[in-house]
Amino acid sequence: MPTKTQKKYVPGSLGKYFAMFVAPALIVYLVFSIVPFLFTIYYSFTDYTDMNPVNLHFTGLANYIKVLGSPLMRTAIKNSLIYAVVLTGAQVVLGLPLAVILNMKLRTRNLLRATFFFPAVFSSLIIGYLWNFILSSSNYGLINNLLAKVGLPTFNFFTSQNALYSVLLTQIWQWTGWAMVIFLANLQSISGDLYEAAEVDGASGFTRFFRITLPLMCPSVKIVAVTGLIGGMKAFDVIYSMTSGGPGDATQTVMMVMMRKGISDGFYNQGAAFGVCFFVVVMILSAIMNTIMQKWSDSIQ
């Protein structure tokens with residue numbers, strides 16, 4: 001019987017099918033991400049406001065001069081940087097040891113993993129409203145009610161000095177479990193032979209962590225650091241639900257100011273300029289973070 005010859009595919013012959021499957025996702029990305037971003041850049045050079053929505057005129061760098069010269073912008077950038085750096089640092093410093101502990105053979109480790117990860121399942125907006133109730137200094141504030149009942153002085157978590165760090169506390173509580181899961185995935189990919197060899201050589205647990213575990217955790221640390229930094233710079237929902245940028249401008253971030261100028265106040269041109277400045281700042285920070293992590297990665301290879 002004649003045997004069927006298997007059809008050989010020539011490299012590149014599946015290109016039309018590849019384009020057909022990629023095209024829908026690419027079109028959605030272009031329409032909902034790239035095109036709005038290009039319009040944002042365009043509007044940042046015009047006089048587009050709610051009072052002048054049609055007859056737009058080119059204004060050059062006037063909007064950027066207003067934005068960069070505004071004390072509110074400097075406050076927003078400072079708060080965003082503090083928020084992003086502290087949140088990212090806390091995720092790494094707390095999440096990594098937590099992952100190491102929960103990677104041990106504990107009887108309740110699956111329950112503990114689920115418990116620590118559970119807050120990350122909820123929306124930051126919901127978490128913000130929840131913690132706003134818990135930390136409130138009014139009559140219904142849970143923590144201050146408990147303090148008053150045991151005869152201790154109450155504490156105002158939302159003063160101009162404390163508000164930003166109170167918000168940060170809630171986000172560290174929410175996202176440390178997420179970082180722990182990323183670290184756990186990396187830990188479980190490390191060969192146990194390395195630890196056995198180090199134990200035979202008499203290395204202590206402390207030495208094994210810093211000589212084996214930490215260097216090999218570079219990929220997951222990079223993921224947590226970069227995504228945490230970008231996510232921290234984009235903080236909006238939890239701040240909106242807890243403080244709305246107050247008291248005063250104590251918790252104003254770049255995203256809060258952009259929404260306030262661009263949506264609430266109707267200065268769409270200045271809101272667009274805020275957005276472009278924010279994009280540039282995030283790109284610079286991401287490049288710096290990637291460079292640092294790449295140097296760390298190269299040093300251990």
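What share of the contacts in the protein with a separation of 6 or more is accounted for by residues 24 or more positions apart? The share is 68%. This is a predicted model, and the exercises below work through it.

**Exercise 1. Describe the overall build of the protein.**

Step 1. Count the elements. There are 13 helices and zero strands.

Step 2. Read the order. From the N terminus on, each element in the run is α.

Step 3. Check how spread out the chain is. The radius of gyration is 25 Å, well over the 19 Å that the globule rule gives for 301 residues, so the protein is more spread out than a compact globule.

Step 4. Add the dimensions. The C-alpha trace spans about 80 × 75 × 40 Å along its principal axes.

Step 5. Turn to burial and surface. Of the 301 residues, 36% are buried. The protein exposes about 18300 Å². Carbon and sulfur atoms supply 69% of that area.

**Exercise 2. Find the centre of the largest nonpolar core and say which elements build it.**

Step 1. Pick the residues with the most partners. The core has 38 residues, and Phe183 and Met217 touch the most other members.

Step 2. List the contributing elements. Those giving two or more residues are H2 (62-68), H3 (71-102), H7 (163-187), H10 (218-233), H12 (254-264) and H13 (268-299).

Step 3. Find the main contributor. H3 gives the largest share, nine residues.

Step 4. Look around Phe183. Beyond its neighbours within four places in sequence, Phe183 is in contact with Gln91, Val92, Gly95, Leu96, Ala99, Met217, Ser220, Val221 and Val224.

Step 5. Look for a further core. Another one lies apart, with 19 residues. Tyr83, Trp131, Ala163 and Met242 are among them.

**Exercise 3. Locate the nonpolar surface patch and place Leu26 in it.**

Step 1. Name the members. Phe18, Val22, Leu26, Ile27, Val28, Tyr29, Leu30, Val31, Phe32, Ile34 and Leu38 make a nonpolar patch of about 1100 Å² on the surface.

Step 2. Place Leu26. Leu26 sits in helix H1, residues 15-43.

Step 3. Test its exposure. Leu26 has a relative accessible area of 44%, so it is partly exposed. A patch residue needs over 30%.

Step 4. Set this beside a general tendency. In soluble globular proteins, nonpolar side chains tend to be buried together.

**Exercise 4. Find the salt bridge and explain what it links.**

Step 1. Search the whole structure. One salt bridge turns up.

Step 2. Name the pair. Asp249 bridges to Arg260, and their closest N and O atoms are 3.6 Å apart. The cut-off is 4 Å.

Step 3. Place both ends. Asp249 lies in the loop between helix H11 (237-242) and H12, while Arg260 lies in helix H12, so the pair ties together parts that are 11 residues apart in sequence.

Step 4. Judge exposure. Asp249 is partly exposed at a relative accessible area of 34%. Arg260 is partly exposed too, at 33%.

**Exercise 5. Describe the surroundings of Leu56.**

Step 1. Place the residue. Leu56 is in the loop between H1 and H2.

Step 2. Is Leu56 buried or partly exposed? Its relative accessible area is 23%, so Leu56 is partly exposed. Buried would require under 20%.

Step 3. List its contacts. Leaving aside neighbours within four places in sequence, Leu56 is in contact with Tyr42, Tyr43, Thr46, Asp47 and Tyr48.

Step 4. Take one partner. Thr46 is 10 residues from Leu56 in sequence, and their C-alpha atoms are 6.1 Å apart in space.

How values were computed: Residues numbered from 1 in each chain as written. Predicted model: local features only at pLDDT ≥ 70, side-chain atom pairs only at ≥ 80, totals over all residues. Heavy atoms only, no water. Patch = residues over 30% accessible without salt bridge, like charges linked within 9 Å, V, L, I, M, F, W, Y side chains within 5 Å. Areas by Shrake-Rupley, 256 points an atom, 1.4 Å probe, with all protein chains shown as cover. Salt bridge = Lys/Arg side-chain N within 4 Å of Asp/Glu carboxyl O. Helix = DSSP H or I, 4+ residues; strand = E, 2+ residues; numbered from the N terminus. Buried < 20%, exposed > 50% of the residue type's maximum accessible area, 1.4 Å probe, protein only. Core = buried A, V, L, I, M, F, W, Y, C linked by side-chain atoms within 4.5 Å. Contact = heavy atoms within 4.5 Å. Rg over C-alpha atoms; globule rule 2.2 N^0.38 Å.
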